[in-house]
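The exercises below are to be worked with the sequence and the coordinates at hand. Each task is followed by a solution in steps.

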Amino acid sequence: MTAQIHHITHPLIQHKLTLMREKDRSTNSFRRLLGEISMLMAYEVTRDMPTQLIDIETPLEKMQSPVIDGKKTVFVSIMRAGAGFLDGMLNVIPGARIGHIGLYRDPKTLVAVEYYFKMPQDMHERDAIVLDPMLATGNSAVAAVDRLKETNPKSIRFVCLLAAPEGLKNFTESHPDVPVYVAAVDRELNEHGYIVPGLGDAGDRIFGTK
C-alpha cells in the first residue's frame, strides 16, 4: 500500500509556523500559535470524515441534515508535546475521546521507550487521530502506532507540525496504511536527532522547560 502524505500548505498555517520557529518567541505566544495551527489542521484532517443524516427542525420546517459522530473520534496524544496539539483539535471536535501514549526517547540510542498507555474502550468502533508536533527520527511515532494497532481502531491518521525526511521515510515504511498530515518537511536531522532548521524542542517550548 502506498503511503499517503498530505502536505498542508495553507497560508495561515505557514504564517503561524514561521512565527513559532522564531527563537525569541515567548512560551505563551508559542503555545497559542500551536493551538491555532492545530485548529486549522483539524479541518484538513477531518475533511473526509463520515457524516450521518439526522432529523432536525429549523425555524421554518423539518429537514434532514448531516452531523459527524464526535464520540467515534479519538485524539491520541503522544506525551508530552502532543498535549499542545490537543486543545486546538478539541475546539473543533469537542465530543472526541482522548487517548494517551507516554514515550520518551533514549538520548543515547534514540529508541522510543513506553511508560504509559491508556485508550478509550471499543477502539474497533473509533477513528484514531494521533497527535505529535515533531516527526524527527520517527521512532516514537512508529512505536506509538505499533501499540495503537493492538487495539484495532477503525482507522488511524497521524498529524504532525514538522517532519524530517528521515522520520517521514521511517514512519511511512513502517506504517504505509496510515496517512500523514504535516505542515512542513524540513531539511534533515542533526547529529542529536533534532529537526533542522526546525523550531527546537517542542515540549520545552510548549511548557517552558529545558
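**Exercise 1. A residue of a recorded site**

Task: In this predicted model, decide whether Ile 195 is buried or exposed, then place Ile 195 in its element and list its contacts.

Solution.
Step 1. The relative accessibility of Ile 195 is 6%. Buried means under 20%, so Ile 195 counts as buried.
Step 2. Ile 195 belongs to strand E12, which covers residues 195-196.
Step 3. With neighbours within four places in sequence left aside, Ile 195 is in contact with Met 134, Leu 135, Ala 136, Leu 162, Ala 163, Ala 164, Asp 186, Glu 188 and Leu 189.
Step 4. An unreviewed UniProt entry places the feature "binding site" at Ile 195, Gly 200, Asp 201 and Ala 202. The lining of the largest pocket takes in Ile 195, Gly 200, Asp 201 and Ala 202 from this set.
Step 5. Gly 200 is found in the loop between E12 and H6. At 37% relative accessibility, Gly 200 is partly exposed. Residues up to four places away in sequence not being counted, Gly 200 touches Met 134 and Tyr 194.

**Exercise 2. A second set from the record**

Task: State which residues of the other "binding site" set in UniProt are taken in by the lining of the largest pocket, and characterise Arg 80 and Asn 139.

Solution.
Step 1. For "binding site", the unreviewed UniProt entry lists Arg 80, Arg 105, Asp 132, Pro 133, Met 134, Leu 135, Ala 136, Thr 137, Gly 138, Asn 139, Ser 140 and Asp 201. From this set, the lining of the largest pocket takes in Arg 80, Arg 105, Asp 132, Met 134, Leu 135, Ala 136, Thr 137, Gly 138, Asn 139, Ser 140 and Asp 201.
Step 2. Arg 80 lies in the loop between strand E4 (73-79) and helix H3 (82-92). Its relative accessible area is 37%, so Arg 80 is partly exposed.
Step 3. Neighbours within four places in sequence aside, Arg 80 is in contact with Asp 201, Gly 203, Asp 204, Phe 207 and Thr 209.
Step 4. Asn 139 is in helix H4 (residues 139-149). With a relative accessible area of 26%, Asn 139 is partly exposed.

**Exercise 3. Salt bridges**

Task: State how many salt bridges the structure holds, and analyse the pairs Glu 22 with Arg 25, Arg 32 with Glu 36 and Glu 173 with Lys 169.

Solution.
Step 1. The total is 12 salt bridges. The criterion is a side-chain nitrogen of Lys or Arg within 4 Å of a carboxyl oxygen of Asp or Glu.
Step 2. Between Glu 22 and Arg 25, the closest N and O atoms are 2.5 Å apart. Glu 22 is partly exposed at 39% relative accessibility, and Arg 25 is partly exposed at 25%.
Step 3. For Arg 32 and Glu 36 the corresponding separation is 3.3 Å. These residues are four apart in helix H2 (residues 27-45), so about one helical turn separates Arg 32 and Glu 36. Arg 32 has a relative accessible area of 44% and Glu 36 a relative accessibility of 25%; Arg 32 is thus partly exposed, as is Glu 36.
Step 4. Glu 173 and Lys 169 have their closest N and O atoms 2.9 Å apart. Both lie in helix H5 (residues 165-174), four residues apart, about one turn of the helix. Glu 173 is exposed, at a relative accessible area of 54%.
Step 5. Salt bridges with shared partners join Lys 16, Arg 32 and Glu 36 into one network.

**Exercise 4. The nonpolar cores**

Task: Describe the largest nonpolar core and name the element that gives the most to it.

Solution.
Step 1. The largest nonpolar core has 35 residues, and those with the most contacts inside it are Met 41, Val 159, Leu 161 and Leu 199.
Step 2. Two or more residues each come from helix H1 (11-21), H2, H3, strand E7 (127-131), strand E9 (155-163), strand E10 (180-185) and helix H6 (202-207). H2 gives the most, with seven residues.
Step 3. Beyond its neighbours within four places in sequence, Met 41 is in contact with residues including Ile 8, Phe 85, Val 159, Leu 161 and Tyr 181.
Step 4. Another core, of 25 residues, lies apart from the largest one; among its members are Ile 101, Leu 103, Leu 135 and Leu 148.

**Exercise 5. The aromatic pair**

Task: Classify the geometry of the pair formed by Phe 158 and Phe 171.

Solution.
Step 1. A search of the whole structure finds one aromatic pair. The ring centres of Phe 158 and Phe 171 are 4.9 Å apart, with 35° between the planes.
Step 2. Planes under 30 degrees apart count as stacked and over 60 as edge-to-face, so this pair is tilted.
Step 3. Phe 158 lies in strand E9 and Phe 171 in helix H5, so the pair ties together parts that are 13 residues apart in sequence. Both Phe 158 and Phe 171 are buried.

Definitions and conventions. Residues numbered from 1 in each chain as written. Predicted model: local features only at pLDDT ≥ 70, side-chain atom pairs only at ≥ 80, totals over all residues. Heavy atoms only, no water. Buried < 20%, exposed > 50% of the residue type's maximum accessible area, 1.4 Å probe, protein only. UniProt positions renumbered as here; feature names shortened; annotations may be inferred. 1 Å grid on protein atoms, 1.4 Å probe; cavity = no way out; pocket = protein on both sides within 12 Å on 5 of 7 lines; lining within 4 Å. Contact = heavy atoms within 4.5 Å. Core = buried A, V, L, I, M, F, W, Y, C linked by side-chain atoms within 4.5 Å. Phe/Tyr/Trp six-rings, centres within 6.5 Å; stacked < 30°, edge-to-face > 60°.
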